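Here is a short briefing to read alongside the model. Take a look at the sequence and the fold first, and then we can walk through them together.

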Amino acid sequence: TTAAKKTTARERVAAPEIRLSSPTKIIFPDRNITKRQVADFYKAVAPRLLKEVAGRPLSVIRCPDGVGKACFFQKHHTAGLDRVRFVRLKEEAGVNANYLVVDDVEGLMELVQFNSLEFHPWGAHADDPDRADRVVFDLDPGPGVPFAEVKRAAAHVRDLLEQLNLKSFLRATGGKGLHVVVPLNPANDWTLVKKFAKSFAEALAGSDPDRYLATATLKLRPGKIFVDYLRNGRGATAVASYSLRARPGAPVAVPLAWPELKDLKRGDAFDIDKTLARIKRQRKDPWAGIDALRQDLSAWG
Ligand code: ATP
Ligand code: MN
Ligand code: MN
């Protein structure tokens, strides 16, 4: 009967639950947002967030006492994580370490139970860690740069990539800036991807040095946008779309369609409620199909 079918569907959705400790603990004090609400948010966005993080080495920012108190960046697997896999990878110093890898909603929710607020994947997969399938141009406005200029920079990056036959995708970071993301399929060695990102950023900065900066040492300068290409390297991470940010207001990193750039007001325009309302009215994710794009760097260099 229909009733029997409905019950089955509901049971399938209510998969094994991760026990949530301290559900009433306040995580975002300025918004009175509890750990329960954070967990509910992550459960709701899990299908979309998992598309961005599953199977990739993953770092998390954990805030055991909430935002405003001590938070820490964690990339290694630790005791007590039973639903989270790890991959043994060589670190810069040459030693091996166990990197966190999440495959499913249970793993994700276990990290949330461990007070993870932010999720930062590699631009590579755990089973192929030396080849990057995502390039991230991280646009960081220095002091005094109006957001309209960051938007203009993102569109500029998009147009230059277009000239290389590369389709790109826009993300509001939940912070001050924007990310422009280029999927590569097939993935390429980090050495090549890194070289591409660096020379692209340097060419951009060279074409308009009053607006842009692309030097690894100078970073933020008043009035200029730092084109941070350093997100692209083995072991480097960038925040995932649908990750919360451990910043006031409970902002979320949100993937956008390019036509949405025009009306975007800030990099942290989307909080938990706005993000949930947005995905409820969306038929599909603005980045849908990103991994199926067959893009390579052959038009470059
Ligand atoms: P915004 O738009 O405000 O710049 P963002 O996510 O781009 O937001 P950045 O400071 O530009 O923030 O980039 C920091 C990136 O560096 C993060 O996305 C993260 O993946 C990475 N990262 C590496 N190590 C750390 C660390 N110890 N703490 C925080 N971030 C780290
Ligand atoms: Mn940034
Ligand atoms: Mn940056």
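Which exposed residues does the face of H4 turned away from its buried side carry? They are Ala148, Asp159, Glu162 and Gln163; exposed means that 12 or fewer other C-beta atoms lie within 10 Å of a residue's own, buried means 20 or more, and partly exposed is in between, with C-beta atoms placed from the backbone. This is a predicted model, in which local features need pLDDT of at least 70 and side-chain atom pairs count only at pLDDT 80 or more, while totals for chains, interfaces and linings use all residues. Residues are numbered from 1 along each chain as its sequence is written, and chains are lettered from A and ligands numbered from 1 in the order in which they are written.

**Helix H4**
- H4 covers residues 147–163, 17 residues in total, and its first and last C-alpha atoms are 25 Å apart, close to the expected 24 Å (1.5 Å times one less than the number of residues).
- Helices (H or I, at least four residues) and strands (E, at least two) are DSSP runs, numbered from the N terminus.
- Val150, Lys151, Ala153, Ala154, Val157 and Leu161 are the buried residues of H4.
- These buried residues lie on the same side of H4 because they cover an arc of only 160° around the axis, taken from the directions from the helix axis to the C-beta atoms.
- Their packing partners are strands S9 (128–141), S10 (169–172), S11 (178–189) and S13 (225–228), together with helix H5 (190–207); contact means C-beta atoms, placed from the backbone, within 7 Å.
- Just after H4 comes Asn165, with a positive phi of about 60°.

**Helix H3**
- In H3 (residues 105–113), the buried residues are Gly107, Leu108, Met109, Leu111 and Val112.
- They pack against helix H2 (35–53) and strands S3 (58–62) and S7 (116–121).
- Asn115 follows H3 and has a positive phi, near 70°.

**Domains**
- An automatic or database domain assignment gives domain 1 (11–122 + 237–250) and domain 2 (130–228).
- The C-alpha centres of the two domains are 26 Å apart.
- Five residues from domain 1 and seven residues from domain 2 make up the contact.

**Ligand 1**
- Around ligand 1 there are 13 residues, of which Phe73, Thr173, Gly175, Gly177 and Thr237 come nearest; a residue counts as near if its C-beta atom, placed from the backbone, lies within 6 Å.
- Domain 1 and domain 2 each supply at least three residues to this shell.

Definitions and conventions. Two residues are in contact if their C-beta atoms, placed from the backbone, lie within 7 Å.
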